[in-house]
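Colleague: I would like to go through this model feature by feature. Please give me the general idea each time, then the case at hand.

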Amino acid sequence: MFRNPSPRLFAAAAVATLAVASLAGCATKADPASWSGAASECANGVQVVVDYGILEHAAVSKCVAAVGDNGAKKVLADAGLSVAGTDKYPDLALCRLGGLPSATKSFQLDGKAYTEPCKDFPPMNAYWAIWTKDAGQQWKMAEVGINDVHLVPGSSIALLFGDGSKTPA
């Protein structure tokens with residue numbers, strides 16, 4: 001008998017597909033280590049780096065005090081960045097970080113004005129890529145939703161809003 005997969009399993013598969021598809025065939029790659037402040041780790045906290053890409057907002061690089069295992073949403077909140085999911089996947093998809101992309105102010109996407117409604121998964125060329133790095137290790141793209149990313153002192157999290165032409169490597 002065929003059973004429908006759970007919504008969480010479907011959502012996880014969709015995030016993984018989005019991540020793989022976004023990495024394939026992109027013309028320009030950006031190395032997360034080159035992001036402002038990303039190379040300097042903070043031993044007693046978590047390094048938070050945000051590149052807003054096409055949203056035309058100043059990059060963020062902060063060391064957030066942390067003890068033990070910390071959820072990414074807590075670390076981002078401690079860095080002063082609000083996190084919002086989508087209506088359909090509130091705990092899996094990252095739609096807004098620090099209020100961006102705005103629900104009311106449009107940005108250019110494929111030559112057209114676009115406003116992100118955060119109803120479902122964001123488009124494949126305008127989403128937040130989540131990268132993590134343990135102390136002394138290489139950056140890895142998160143294979144789970146923002147609620148399942150955990151960070152410890154000495155680690156880093158980097159988020160890049162991508163438009164399809166600049167994707168973390």
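Colleague: Does Tyr89 count as buried or exposed, and at what relative accessibility?

Modeller: First a caution: this is a predicted model. In it, Tyr89 has a relative accessibility of 10% and therefore counts as buried, the cut-off being under 20%.

Colleague: With which residue does Tyr89 form an aromatic pair, and how is the pair described?

Modeller: An aromatic pair is described by two quantities, the distance of the ring centres and the angle of the planes. A search of the whole structure gives five such pairs. One of them joins Tyr89 to Phe121: the centres are 4.6 Å apart and the planes 25 degrees, and the pair is stacked. Tyr89 sits in the loop between β5 (83–84) and β6 (96–97), Phe121 in the loop between β8 (112–114) and β9 (127–133), so the pair ties together parts 32 residues apart in sequence. Phe121 is partly exposed, at a relative accessible area of 22%.

Colleague: What is the geometry of the pair formed by Phe107 and Tyr114?

Modeller: Phe107 and Tyr114 are edge-to-face, with 5.6 Å from centre to centre and 75 degrees between the planes. Phe107 counts as buried at 7% relative accessibility, while Tyr114 is partly exposed at 22%. Both belong to one aromatic cluster together with Tyr52, Trp128 and Phe161.

Colleague: Which residues pair in salt bridges that link distant parts of the chain?

Modeller: Side chains of opposite charge can pair when their charged atoms come close. The count here is three salt bridges. Asp87 and Lys119 meet at 3.4 Å, N to O. Asp87 is in the loop between β5 and β6 and Lys119 in the loop between β8 and β9, 32 residues apart. Asp87 counts as exposed at 53% relative accessibility, and Lys119 as exposed at 52%. Lys88 forms a salt bridge with Asp120, with the closest N and O atoms 3.8 Å apart. Lys88 also lies in the loop between β5 and β6, and Asp120 in the loop between β8 and β9, again 32 residues apart. Asp120 is partly exposed, with a relative accessible area of 32%.

Colleague: Where do Lys74 and Asp78 lie?

Modeller: Lys74 and Asp78 both lie in helix α2 (residues 72–78), four residues apart, about one turn of the helix. Their salt bridge has its closest N and O atoms 2.6 Å apart. Lys74 is partly exposed at 45%, and Asp78 is partly exposed at 43%.

Colleague: Now the sheet. What is the order of its five strands?

Modeller: Strands of a sheet pair through backbone hydrogen bonds, either parallel or antiparallel. The order in this open sheet is β3-β2-β12-β9-β10, and the pairing is mixed. β3 (60–65) and β10 stand at the edges with a single partner strand each, so one side of each has no neighbour in the sheet.

Colleague: Which strand pairs are parallel or antiparallel, and over how many bridges?

Modeller: β2 (residues 45–51) and β12 pair in the parallel sense over five bridges. β2 and β3 run antiparallel, joined by six bridges. β9 and β12 are antiparallel with seven bridges, and β9 and β10 are antiparallel with two. For individual partners, Val48 is matched with Ile157 in β12, Ala129 with Leu160 in β12, and Trp131 with Met141 in β10.

Colleague: How many residues of β12 are buried, and which way do they point?

Modeller: In a regular strand the side chains alternate between the two faces of the sheet. Seven of the seven residues of β12 (residues 156–162) are buried, so the strand is largely enclosed by the rest of the structure. Ser156, Ala158, Leu160 and Gly162 point one way, and Ile157, Leu159 and Phe161 the other way. β2 is mostly covered too, with seven of its seven residues buried.

Colleague: Last, how much space lies in the largest pocket, and in the second largest?

Modeller: Rolling a probe the size of a water molecule over the atoms shows where empty space is left. The largest pocket holds about 190 Å³. Its lining includes Ile54, His57, Lys105 and Phe107, and divides into five nonpolar, four polar and two charged residues. The second largest pocket holds about 170 Å³. β10 (140–141) and β11 (150–151) each supply at least two residues of its lining, which has five nonpolar, two polar and three charged residues.

Note on methods: Residues are numbered from 1 along each chain as its sequence is written. This is a predicted model: local features need pLDDT of at least 70, side-chain atom pairs count only at pLDDT 80 or more; totals for chains, interfaces and linings use all residues. Side-chain values use heavy atoms; hydrogens and water are left out. Rings of Phe, Tyr and Trp (its six-membered ring) pair if their centres lie within 6.5 Å; planes under 30 degrees apart count as stacked, over 60 as edge-to-face and the rest as tilted. Buried means under 20% relative accessible area, exposed over 50%, partly exposed in between (1.4 Å probe, protein chains only). On a 1 Å grid over the protein atoms alone, a cavity is a set of points where a 1.4 Å probe fits but cannot get out, and a pocket is an open set with protein on both sides within 12 Å along at least five of seven lines; lining residues have an atom within 4 Å of a point. Grid points are joined across faces, edges and corners, and a volume is the space filled by probe spheres set on the points. Ala, Val, Leu, Ile, Met, Phe, Trp, Tyr, Cys and Pro count as nonpolar, Asp, Glu, Lys and Arg as charged, and the others, Gly among them, as polar. Two strands pair if DSSP finds at least two bridges between them. A salt bridge is a side-chain nitrogen of Lys or Arg within 4 Å of a carboxyl oxygen of Asp or Glu.
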